[in-house]
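Thanks, everyone, for making time this morning. I would like to walk you through one structure, moving from its open and enclosed spaces to a few individual residues, so please keep the view in front of you as I talk.

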Amino acid sequence: MPFNGPRPTDTFLSLFQDHESYTIVNADRLDYLLDHTHVDVFINLQGPYFPKQSWTKIVKCLAAGSAWIHTGGAPFRIPCYEENGEWVMEREQTAYHQTLNIHEALPVSSEPIDHLSASQDWPLLSEDESLFSVTDTFNLILHVSKTSVLPSEMGSSGPMDARIHPLLKGSSKDGREVAAPAVAIEHINGRFKGGRWLFFNQTMDRHFWHERGAKAIEKWAMFASQGVTDIVLKTNYASYEPGERPDILIQFERFNTKPCQWRFDLLIEKDGNPLEETTLTANISNQLAVQNYLPEITVSPGFYRITCTARSEAGEKRILHQGFWGSDRKLLAEGEALTCGRDYFYKNGRPFPVVGMTYMTSDVARYYLFLPNPYLWEKDFQQMKKAGINLIRTGIWTAWQHMMFIDGHFREDILRAIDAFILCAKKHDLEVTFTFFSFTPEMWQGENPYLDPRSIEAQKRFILSIVNRHMQTTNVQWDLINEPSLFNPAQTFSGPRTLGDRFDRESYIEWLKKRHGSVRVLQERWNMTPEELPDFNAAVPPQSSEVNFDIQDMISGKKGLKWLDYTLYTMAVHNHWAQTLSSLIKRGAPSQLVTVGQDEALVGQRPSPLFYGKAVDYTTNHSWWYMDQLLWDGIFAKTGDKPNLIQETGIMYVENPNNKAKRSEAELRNILERKYAYAFSTGGAGAVQWLWNTNYYMNNINESNIGAVRADGTEKPEAEVSYDFGRFFKGIEDLFTDRQLEKIAVIFPYSNDFSNRRLAFDATTKLTRVLGYELNQPFRAVSEYHLNDLDEETPELIIVPSAHNFDTESFQYLLDVVEVKGCHLLFTGPVGLDAYWHHTSRCEGLFGQTCMENVLREEILTIDGESYPVSFGERRIAQLLKEVPAGGTSCDLHEAAHGKGKIIWSSLPLELNDRIDVMKAVYQYAIEAAGIESDFDWLEGDSPGVYGRKLSYSNGSLFVFISEYSCDQSIKIKDSQTNITYSFLLEKERSLLFAVDGEGKLLRVYRDAEVLLGV
């Protein structure tokens, strides 16, 4: 059989050959042995190699509860078969270890590792550290939960069938734990129940294969053969009121038929001072049991730590940790609450750039409020604070009715767990954003989560049960819902989906009456006859199946103009719901911020930040899938008057067709770094990573891969992003005041995006690429339905990109802004179509009579005497329209003076064509016409793969450069304001930020230990 690295010496093997408890077997005898012998411990020293013909029997052995020791790299990765007396290796495969609930094994570089040390909590290797060398290892991606506990809830956790524990850790020079070459996986349920598996996921050096290595294997085998003894240290509450007494519980169960005597040495400390010690004993069997201990402690404000040293009669030792709080209202009330400016948060009077992290505990993931461990929270928050993280995002993603089973009666243990969580964060000066609901609010036996009074009143009681305990707390804000969808909980992320309930029907009819006034107007706008729509009562909420969303969806004669109204209506319902609950919170806690989360729903016809902004204190976006649109993600989520926080970001797991992970850990770090850099480049208030601890307790392979900290408890390279950004912003917070707004505003055409023929995403993302990258022009976003954002500081150029259908009232608002403020308006594509796709004469006073025509595959546009080809490929000639002046042509760029300003119009929807040269030419023409100058000059390195942006403040500037390029790029720029030149090397895929004062002198450089910036 092939072998990974140096083979064991004869001396090593002889120590086992002479031992009656061990059998050394060749691959050709393995099947027979597994069939005819009871195996306590299966030891595989072959690394990734194994005999394919024995696979079924190996799995059967492990499924019977046998222990397993693996050495030499990723387990069961390369099956081998014998042919003509020679062993042949198949290609690397993931299918075999996936059968064992190990979805993938990602390489972990040894580069950051300075030294190795055994785990203190699982000290199996405390005397074996010298047997290991610093070398590359693997990160086991677990998929141990194959079902959901609450299948009806999208955020539900799964059963906790296995747990992983690091046995050997690799630490960096600064003490960060960055790898775990040796881990234990213990199966407490499921197919492999009772199995204790030990993995040594690195190539063993020659010095291992001698007597000391053999003795270590023997010790490890004895440990593994004991099987799983599950011991949990708990308290009945995570926090206590002063004067109460805590109740400490040790819960245990042995997944082995033979009982074993254990001793538990308990130590209770506060502020580093021992308060009480005691010893308990138990004969642990395969029957679940619990021992209680009531310490002679009267709780006072502060944090208490419990350490339990557990020892078995078989020689096993482990250390368990737990903690609890004595409620400290004084601590929670210290300082000032977070506040909002136009662009940034403020804390204690100073700007507060957010470097945040979503958090649920490593040991139980989303069960963290049911099985709280404040010791782990305290430990993790301490490390997060060290990393520069200043905000923790957490909350409730599942099991609301298990927390408040009876309406109005919230479980006290859950409430005290929330109290303890916020106290842990407060101790480390961390802000907490607490989320109440995940995708749709819990209904509590109601019919509609947003409209049924029964549901809403229950939601109020649920929220107030938590908020009422923290009305004076200064480090907490509230997120009403993580990523809202309306209305059907079974169709999350699908856009407006009616439940067909009476509340939706009645509310929708009233909304339509208010919007349209008469049924005659509604009939006209929806293209319906009096027979089809006799009165408002006939306007029932539409099902998506009734709507013709595509040009080819015409077989049954569907009508889709009503979809715009239903989508706008759901936005109004969501805003009313959010305002209702926000007002409820602010009646008792007026200084606490309230928001709503959202993923990239700007194009999902779900509650959009530019729409719900008026209902909350700040907007959010969760940048996940749109890897090519990260700049767009931030720009089109920010309103003109409130901060926008990239409240959840990370990297989704993607696979190659052969089921191997597509991205390395270094690539994941680079992507996350870009997401953070883009968040700040758009004038955003910060970024929050999803997630600190990887959650492998969900039936979701994606979740099993996401997190700054691996399942084994060590930090991935992507954790560096928090350290680097935290270090960068520390000490320069005061720079972020009075940011100069962008001189260009782009209108997001919601009438189109909410309609049955959506083009807005394609148009605005194409614009963002050309304007932001090709022309290096920053811009801001404004909603078509919230144009008052233009009033405070009117831009010099407004762009409406290929909107097609556009609200007439909003169109007139833009004309008034141009007329009175004297700015320029660039409008591309049809200009006369109203929100319901009806052609109007609203621009007749500007450009005369016009008519609608279909675009052709190849068009042309002439600008200042130069002609540019415009191409509409694929299905565009069927999807798109152009509007042509009567007797005129679409070939010309039209201009019209309007009051103090000017309107520039292209008949062609340029953003939806295939070529960017014509877009660049039109945008550049409009920019020059508006008199807009660049913030800096690119002297070297202006590549389409490089994004650069300057953000100007009253006392300095922030420069952001981001590479999406395959090569390192030498950059040289000259600041237009100070005439200072800056030069640096931008590494491929990496980001570089630097801050300067008002005179252009450097204040801080991102990753200054790795980046050389010349001035």
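The lining of the second largest pocket draws at least two residues from each of helix H1 (10–17), helix H2 (27–36), strand S1 (41–44), strand S2 (49–51) and helix H5 (211–225). I should say at once that what you are looking at is a predicted model. That second largest pocket encloses about 1,200 Å³ of space, and 43 residues line it, with Thr23, Ile24, Val25, Ile43 and Asn44 lying nearest its centre. If we sort the lining of this pocket by residue class, we get 27 nonpolar, ten polar and six charged residues.

Turning to the enclosed spaces, how many cavities of 30 Å³ or more does the structure hold? There are seven of them, and the largest cavity contains about 130 Å³ of space. Its lining is made by 18 residues, and those closest to the centre of the cavity are Leu106, Ile651, Tyr653, Leu668 and Asn705. Here the classes divide into ten nonpolar, four polar and four charged residues.

Let me move on to helix packing, beginning with helix H7 (residues 374–387) and helix H18 (residues 719–729), whose axes are 7 Å apart and meet at an angle of about 55 degrees. Because angles from 65 to 115 degrees count as roughly perpendicular and those under 35 degrees as roughly parallel, H7 and H18 are oblique to each other. On the H7 side the contact is made by Gln383, Lys386 and Ala387, and on the H18 side by Ser722, Tyr723 and Gly726. Taken by class, the residues of this contact comprise two nonpolar, three polar and one charged.

A second piece of helix packing involves helix H12 (residues 519–526), in which Val521, Leu522, Gln523 and Trp526 are buried. Which helices do the buried residues of H12 pack against? They pack against helix H11 (502–516) and helix H13 (562–588). Right after H12 comes Asn527, which has a positive phi, near 60 degrees.

That brings me to backbone geometry, where two further residues deserve a look, since neither Asn84 nor Gln445 is a glycine and yet each has a positive phi. For Asn84 the phi is about 55 degrees, and the residue sits in the loop between strand S4 (78–83) and strand S5 (86–89). With a relative accessibility of 75%, Asn84 counts as exposed. For Gln445 the phi is about 70 degrees, and its loop runs between strand S25 (431–437) and helix H10 (453–467). Gln445 is likewise exposed, at a relative accessible area of 52%. There is also a cis peptide bond, from Leu486 to Phe487, with omega near -5 degrees, and Phe487 belongs to the loop between strand S26 (476–481) and H11.

I will spend the rest of the time on buried residues, and the question to start with is this: is Gln598, in the loop between strand S27 (594–595) and helix H14 (609–612), buried or exposed? At 0% relative accessibility, Gln598 counts as buried, because the cut-off is under 20%. Leaving aside neighbours within four places in sequence, the contacts of Gln598 include Asn482, Glu483, Pro484, Arg606, Tyr612, His622 and Gln647, and Asn621 is among them as well.

Asn621 is found in strand S28 (residues 619–623), and at 4% relative accessibility this residue also counts as buried. Not counting residues up to four places away in sequence, Asn621 touches, among others, Gln598, Asp599, Glu600, Asp633, Asn644 and Glu648.

The last residue is Tyr696, which lies in the loop between strand S30 (686–689) and helix H17 (701–705) and counts as buried, at 4% relative accessibility. Again not counting residues up to four places away in sequence, Tyr696 touches Leu142, Val144, Ser145, Ala162, Arg163, Ile164, Ser704 and Ala711. If you measure on your own screen from C-alpha to C-alpha, Tyr696 and Ser362 should come out 9.3 Å apart in space, while they are 334 residues apart in sequence.

I will stop there and take questions.

Conventions: Residues are numbered from 1 along each chain as its sequence is written. This is a predicted model: local features need pLDDT of at least 70, side-chain atom pairs count only at pLDDT 80 or more; totals for chains, interfaces and linings use all residues. Side-chain values use heavy atoms; hydrogens and water are left out. On a 1 Å grid over the protein atoms alone, a cavity is a set of points where a 1.4 Å probe fits but cannot get out, and a pocket is an open set with protein on both sides within 12 Å along at least five of seven lines; lining residues have an atom within 4 Å of a point. Grid points are joined across faces, edges and corners, and a volume is the space filled by probe spheres set on the points. Ala, Val, Leu, Ile, Met, Phe, Trp, Tyr, Cys and Pro count as nonpolar, Asp, Glu, Lys and Arg as charged, and the others, Gly among them, as polar. Axes are lines fitted to C-alpha atoms, for helices over the stretch in contact, and angles run from 0 to 180 degrees between N-to-C directions. Helices (H or I, at least four residues) and strands (E, at least two) are DSSP runs, numbered from the N terminus. Angles under 35 degrees count as roughly parallel, over 145 as roughly antiparallel, 65 to 115 as roughly perpendicular and the rest as oblique. Contact means heavy atoms within 4.5 Å. Buried means under 20% relative accessible area, exposed over 50%, partly exposed in between (1.4 Å probe, protein chains only).
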